[in-house]
Amino acid sequence: MSETTGGAVVEIEYCVPCGYLDRALELQRAVLSTLGDRLDRAALVTGDRGVLQVRVDSAEPRSADSGSGRRPRAGGEVVWDLADDEYDVDEVVRRVRGAL
């Protein structure tokens, strides 16, 4: 098993009842194939109520009193949301890249 690299974490939350698994997998595959070397992981997160959303937790340096190394920011920036944006895989990848 490999160690994490201190890179970002991408979460793709998708609506299970809506059948968005295929779209979530397509987004995950595109993000990993394009930006995988800069990520710790791209995780699928189950949801409901029509959600299809991509969040990025970028790695940032720890403060001096919390040790050394890198850690993901708490929360995560929503970089794309189906409720607000058209479904465009290339645009999602561009937005994830911009958040790294």
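Begin by selecting Arg55 in strand S3 (52–57). The bridge partner of Arg55 is Val78, which belongs to strand S6. Display both strands in full: S3 and S6 run antiparallel, and 4 bridges join them. Please note that this is a predicted model.

**The sheet**

Next, select strands S2, S1, S3 and S6 together. They form an open sheet of 4 strands in the order S2-S1-S3-S6, and the pairing is mixed. Which strands stand at the edges? Strand S2 (39–47) and S6 do; each has a single partner strand, so one side of each is left without a neighbour in the sheet. From one strand to the next, the twist averages 20 degrees.

**Helix H1 and Gln28**

Now add helix H1, residues 21–35. H1 packs on the sheet and touches S1, S2, S3 and S6. The direction of H1 makes about 175 degrees with that of S2.

Within H1, select Gln28. Is Gln28 buried or exposed? Gln28 counts as buried because its relative accessibility is 16%, and the cut-off for buried is under 20%. To see what surrounds this side of the helix, display Ile12, Ala42, Ala43 and Leu44: Gln28 touches these four residues, leaving aside residues up to four places away in sequence.

**Helix H2**

Move on to helix H2, residues 89–99. H2 lies across S1, S3 and S6, and runs at about 170 degrees to S6.

Start at the N-terminal end of H2, which is capped by Asp88. A side-chain oxygen of Asp88 lies 3.1 Å from the backbone nitrogen of Asp90.

Then select Val89, Val92, Val93, Val96 and Ala99, the buried residues of H2. Why are they on the same side of H2? They cover an arc of only 125 degrees around the axis. The spacing in the sequence is instructive here: an α-helix has 3.6 residues a turn, so residues three or four places apart point the same way. Display the elements that cover these buried residues; they include strand S1 (8–15), H1, S3 and strand S6 (77–81).

Rotate the view to the face of H2 turned away from its buried side. There you will find the exposed residues Asp90 and Gly98.

**The disulfide**

Select Cys15 and Cys18 and show their sulfur atoms. A disulfide joins these two residues, with an S to S distance of 2.4 Å. A search of the whole structure finds 1 disulfide. The torsion about the S-S bond is about 65 degrees, so this disulfide is right-handed.

How do the two cysteines stand with respect to the surface? Cys15 is buried, with a relative accessible area of 1%, whereas Cys18 is partly exposed, with a relative accessible area of 38%.

**The whole chain**

Finally, return to the complete protein chain. It has 2 helices and 6 strands. Followed along the sequence, these elements give the pattern β-α-β-β-β-β-β-α. Colour the residues by accessibility: of the 100 residues in the chain, 37% are buried. Consider also how the contacts relate to the sequence. Among the contacts with a separation of 6 or more, 68% are between residues 24 or more positions apart.

How values were computed
Residues numbered from 1 in each chain as written. Predicted model: local features only at pLDDT ≥ 70, side-chain atom pairs only at ≥ 80, totals over all residues. Heavy atoms only, no water. Buried < 20%, exposed > 50% of the residue type's maximum accessible area, 1.4 Å probe, protein only. Contact = heavy atoms within 4.5 Å. Arc of directions from axis to C-beta. Polar contact = N/O pair within 3.5 Å; in protein donor to acceptor, adjacent residues only side chain to side chain. Pairing = 2+ DSSP bridges. Axes fitted to C-alpha atoms, helices over the stretch in contact; angles between N-to-C directions. Disulfide = S-S within 2.5 Å.
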